[in-house]
Amino acid sequence: MKKPAARKTLTELEGAALAIIKRRGPCTAYVVKEAFRTSPSEFWSGSAGAVYPLMKRLETRKLISSKADKSDGRARREFSVTKAGDAAITDWLTDAERASSLGFDPLRTRLFFCDLLTDGALRKFVAEVQREMEAKSEPPAEDLDHTHALHEQWMKLRLKALKAFANSLDT
(Lines give C-alpha, C1' and ligand atoms only; values in the text may rest on other atoms or scores of the structure.)
Protein backbone atom coordinates (compact mmCIF):
# COMPACT_ATOMS: atom_id res chain seq x y z
CA MET A 1 0.00 0.00 0.00
CA LYS A 2 1.38 3.40 -0.98
CA LYS A 3 1.82 6.09 1.62
CA PRO A 4 0.21 9.50 1.06
CA ALA A 5 2.67 11.78 -0.75
CA ALA A 6 2.44 14.42 1.98
CA ARG A 7 3.66 12.01 4.65
CA LYS A 8 7.45 11.81 4.89
CA THR A 9 8.89 8.38 5.65
CA LEU A 10 10.49 8.01 9.07
CA THR A 11 14.10 7.03 9.51
CA GLU A 12 14.70 3.97 11.68
CA LEU A 13 15.84 6.23 14.52
CA GLU A 14 12.74 8.44 14.22
CA GLY A 15 10.46 5.40 14.13
CA ALA A 16 12.10 3.86 17.17
CA ALA A 17 11.93 7.13 19.13
CA LEU A 18 8.25 7.60 18.30
CA ALA A 19 7.52 4.01 19.29
CA ILE A 20 9.30 4.51 22.63
CA ILE A 21 7.21 7.61 23.35
CA LYS A 22 4.02 5.81 22.26
CA ARG A 23 4.76 2.78 24.46
CA ARG A 24 5.80 4.73 27.55
CA GLY A 25 3.24 7.50 27.28
CA PRO A 26 4.21 11.11 27.85
CA CYS A 27 7.92 11.12 28.61
CA THR A 28 11.00 13.30 28.45
CA ALA A 29 13.81 13.21 25.90
CA TYR A 30 15.95 11.78 28.69
CA VAL A 31 13.66 8.72 28.88
CA VAL A 32 14.07 8.19 25.13
CA LYS A 33 17.84 8.64 25.41
CA GLU A 34 18.01 6.06 28.20
CA ALA A 35 15.86 3.59 26.25
CA PHE A 36 18.35 3.78 23.39
CA ARG A 37 21.34 3.62 25.72
CA THR A 38 20.07 0.52 27.53
CA SER A 39 18.80 -1.23 24.41
CA PRO A 40 20.42 -4.58 23.59
CA SER A 41 20.93 -3.20 20.09
CA GLU A 42 24.17 -1.34 19.59
CA PHE A 43 22.65 0.39 16.56
CA TRP A 44 20.87 3.09 18.54
CA SER A 45 22.79 6.05 19.86
CA GLY A 46 21.93 6.94 23.43
CA SER A 47 23.87 10.18 23.21
CA ALA A 48 22.24 13.47 24.05
CA GLY A 49 23.75 14.86 20.84
CA ALA A 50 21.62 12.41 18.82
CA VAL A 51 18.41 12.29 20.84
CA TYR A 52 17.70 15.92 21.71
CA PRO A 53 17.96 17.18 18.09
CA LEU A 54 15.85 14.18 17.03
CA MET A 55 13.11 15.20 19.45
CA LYS A 56 13.20 18.74 18.07
CA ARG A 57 12.85 17.40 14.48
CA LEU A 58 9.90 15.20 15.46
CA GLU A 59 8.21 18.13 17.15
CA THR A 60 8.87 20.42 14.16
CA ARG A 61 7.23 17.80 11.93
CA LYS A 62 4.29 17.73 14.36
CA LEU A 63 4.74 14.01 15.07
CA ILE A 64 5.11 14.74 18.78
CA SER A 65 3.96 17.60 20.96
CA SER A 66 5.45 18.79 24.22
CA LYS A 67 4.40 20.55 27.35
CA ALA A 68 6.32 21.92 30.28
CA ASP A 69 6.47 19.69 33.35
CA LYS A 70 7.66 21.04 36.70
CA SER A 71 6.01 18.39 38.87
CA ASP A 72 9.27 17.47 40.60
CA GLY A 73 10.52 21.07 40.80
CA ARG A 74 12.75 20.80 37.71
CA ALA A 75 11.85 22.41 34.41
CA ARG A 76 11.58 19.81 31.66
CA ARG A 77 9.46 18.96 28.64
CA GLU A 78 7.24 15.91 28.30
CA PHE A 79 6.57 14.63 24.81
CA SER A 80 3.45 12.85 23.52
CA VAL A 81 2.72 11.31 20.14
CA THR A 82 0.26 13.29 17.99
CA LYS A 83 -2.35 11.85 15.59
CA ALA A 84 0.11 12.43 12.74
CA GLY A 85 2.75 10.65 14.84
CA ASP A 86 0.42 7.68 15.39
CA ALA A 87 -0.11 7.40 11.63
CA ALA A 88 3.64 7.68 11.01
CA ILE A 89 4.38 4.93 13.57
CA THR A 90 1.86 2.61 11.91
CA ASP A 91 3.36 3.34 8.46
CA TRP A 92 6.86 2.71 9.81
CA LEU A 93 5.95 -0.47 11.70
CA THR A 94 4.12 -1.97 8.72
CA ASP A 95 6.63 -1.01 6.01
CA ALA A 96 7.40 -4.59 4.92
CA GLU A 97 9.74 -3.49 2.14
CA ARG A 98 12.10 -1.68 4.52
CA ALA A 99 11.68 -4.25 7.29
CA SER A 100 12.78 -7.01 4.94
CA SER A 101 15.82 -5.12 3.62
CA LEU A 102 19.31 -6.13 4.63
CA GLY A 103 19.85 -2.97 6.66
CA PHE A 104 22.82 -2.26 8.90
CA ASP A 105 24.78 -5.29 10.08
CA PRO A 106 28.47 -4.75 10.89
CA LEU A 107 29.24 -8.48 10.79
CA ARG A 108 27.71 -8.95 7.35
CA THR A 109 29.60 -5.90 6.08
CA ARG A 110 32.90 -7.32 7.32
CA LEU A 111 32.19 -10.77 5.88
CA PHE A 112 31.40 -9.13 2.54
CA PHE A 113 35.01 -7.91 2.43
CA CYS A 114 36.56 -10.98 4.04
CA ASP A 115 38.37 -11.87 0.81
CA LEU A 116 40.79 -9.08 1.72
CA LEU A 117 42.04 -11.12 4.71
CA THR A 118 44.43 -14.02 4.68
CA ASP A 119 42.86 -17.39 5.39
CA GLY A 120 44.44 -17.43 8.85
CA ALA A 121 43.28 -13.91 9.72
CA LEU A 122 39.75 -14.71 8.52
CA ARG A 123 39.56 -17.91 10.58
CA LYS A 124 40.87 -16.07 13.65
CA PHE A 125 38.33 -13.26 13.15
CA VAL A 126 35.41 -15.69 12.73
CA ALA A 127 36.44 -17.60 15.86
CA GLU A 128 36.72 -14.37 17.87
CA VAL A 129 33.31 -13.18 16.70
CA GLN A 130 31.80 -16.56 17.63
CA ARG A 131 33.26 -16.29 21.14
CA GLU A 132 31.96 -12.71 21.49
CA MET A 133 28.47 -13.69 20.30
CA GLU A 134 28.33 -16.71 22.60
CA ALA A 135 29.41 -14.56 25.57
CA LYS A 136 26.83 -11.82 25.01
CA SER A 137 24.01 -12.24 27.44
CA GLU A 138 22.82 -9.08 29.07
CA PRO A 139 20.04 -8.74 31.63
CA PRO A 140 16.98 -7.07 30.13
CA ALA A 141 16.61 -3.35 30.58
CA GLU A 142 13.66 -2.13 32.61
CA ASP A 143 10.36 -3.06 30.91
CA LEU A 144 12.11 -4.57 27.89
CA ASP A 145 11.79 -8.31 28.60
CA HIS A 146 10.20 -8.94 25.19
CA THR A 147 12.96 -6.96 23.47
CA HIS A 148 15.62 -8.95 25.27
CA ALA A 149 13.97 -12.24 24.26
CA LEU A 150 13.86 -11.12 20.62
CA HIS A 151 17.49 -9.99 20.81
CA GLU A 152 18.55 -13.34 22.28
CA GLN A 153 16.78 -15.24 19.48
CA TRP A 154 18.30 -12.98 16.83
CA MET A 155 21.79 -13.50 18.28
CA LYS A 156 21.30 -17.28 18.20
CA LEU A 157 20.30 -17.11 14.54
CA ARG A 158 23.25 -14.86 13.67
CA LEU A 159 25.58 -17.23 15.50
CA LYS A 160 24.13 -20.18 13.57
CA ALA A 161 24.71 -18.33 10.30
CA LEU A 162 28.27 -17.45 11.34
CA LYS A 163 29.00 -21.09 12.19
CA ALA A 164 27.68 -22.14 8.78
CA PHE A 165 30.00 -19.56 7.21
CA ALA A 166 32.93 -20.87 9.28
CA ASN A 167 32.14 -24.42 8.18
CA SER A 168 32.12 -23.30 4.55
CA LEU A 169 35.73 -22.17 4.96
CA ASP A 170 36.69 -25.81 5.41
CA THR A 171 35.15 -26.94 2.13
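Biologist: In this model, α1 and α4 are described as oblique to each other. At what angle do the axes of these two helices cross?

Modeller: The model is a predicted one. An angle between helix axes is read by the range into which it falls, and the ranges from 65 to 115 degrees and over 145 degrees are reserved for roughly perpendicular and roughly antiparallel pairs. Helix α1 (residues 12-24) and helix α4 (residues 83-93) have axes that cross at roughly 120° and come within 10 Å. That angle belongs to neither range, so α1 and α4 count as oblique.

Biologist: Is the crossing of α1 and α4 left-handed or right-handed?

Modeller: The crossing in which α1 passes α4 is left-handed.

Biologist: Which residues of α1 and α4 meet?

Modeller: On the α1 side they are E12, G15, A16, L18, A19 and K22, and these meet G85, D86, A88, I89 and W92 of α4. Sorted by class, this contact of α1 with α4 comprises six nonpolar, two polar and three charged residues.

Biologist: How far apart are the axes when α1 packs against α3?

Modeller: The axes of α1 and α3 are 11 Å apart, and the packing angle is about 80°. This value lies between 65 and 115 degrees, so α1 is roughly perpendicular to α3. The contact brings L13, E14, A17, L18 and I21 of α1 together with L54, M55, R57 and L58 of α3. By class, seven of the residues in the contact of α1 with α3 are nonpolar, none is polar and two are charged.

Biologist: How should L18 be read, given that α1 meets both helices?

Modeller: L18 is listed in both contacts: among the residues of α1 that meet α4, and among the residues of α1 that meet α3.

Biologist: At what angle do the axes of α2 and α3 cross?

Modeller: Helix α2 (residues 29-37) and helix α3 (residues 48-60) cross at roughly 135°, with axes that come within 9 Å. Roughly antiparallel would require an angle over 145 degrees, so α2 is oblique to α3. The crossing of α2 past α3 is right-handed. A29, Y30, V32, K33 and F36 in α2 are in contact with A48, V51, Y52, L54 and M55 in α3. This contact of α2 with α3 divides into nine nonpolar residues, no polar residue and one charged residue. L54 and M55 of α3 are also named in the contact with α1.

Biologist: What is the order of helices and strands in the protein chain?

Modeller: Such a pattern is read along the sequence, and here it runs α-α-α-β-β-α-α-α-α-α. The chain thereby comes to eight helices and two strands. Of its contacts between residues at least 6 apart in sequence, 56% join residues at least 24 apart.

Biologist: How many disulfides does a search of the whole structure find?

Modeller: The search finds zero disulfides.

Biologist: Are C27 and C114 buried or exposed?

Modeller: Burial is judged by relative accessible area, with buried meaning under 20%. C27 has a value of 4% and is therefore buried. C114 is also buried, at 13% relative accessibility. For the chain as a whole, 32% of the 171 residues count as buried.

Biologist: Which residues does F165 contact, leaving aside its neighbours within four places in sequence?

Modeller: F165, which lies in helix α8 (residues 145-168), is in contact with L111, C114, L122 and V126. Its C-alpha atom is separated from that of L111 by 9.2 Å, although the two residues are 54 apart along the chain. F165 has a relative accessible area of 21%, so it is partly exposed.

Biologist: Where is A68 found?

Modeller: A68 is found in strand β1 (residues 64-69), and with 52% relative accessibility it counts as exposed. Not counting residues up to four places away in sequence, A68 touches R76 and R77. The C-alpha atoms of A68 and E78 are separated by 6.4 Å, with their positions ten residues apart along the chain taken as the sequence separation.

Biologist: Where does K62 lie?

Modeller: K62 lies in the loop between α3 and β1. Its phi is near 65°, which is a positive value in a residue other than glycine. K62 is exposed, with a relative accessible area of 61%.

Technical notes: Residues are numbered from 1 along each chain as its sequence is written. This is a predicted model: local features need pLDDT of at least 70, side-chain atom pairs count only at pLDDT 80 or more; totals for chains, interfaces and linings use all residues. Side-chain values use heavy atoms; hydrogens and water are left out. Axes are lines fitted to C-alpha atoms, for helices over the stretch in contact, and angles run from 0 to 180 degrees between N-to-C directions. Helices (H or I, at least four residues) and strands (E, at least two) are DSSP runs, numbered from the N terminus. Angles under 35 degrees count as roughly parallel, over 145 as roughly antiparallel, 65 to 115 as roughly perpendicular and the rest as oblique. A crossing is left-handed if the near helix is turned anticlockwise from the far one by less than a right angle, and right-handed if clockwise. Contact means heavy atoms within 4.5 Å. Ala, Val, Leu, Ile, Met, Phe, Trp, Tyr, Cys and Pro count as nonpolar, Asp, Glu, Lys and Arg as charged, and the others, Gly among them, as polar. A disulfide is a pair of cysteine sulfur atoms within 2.5 Å. Buried means under 20% relative accessible area, exposed over 50%, partly exposed in between (1.4 Å probe, protein chains only).
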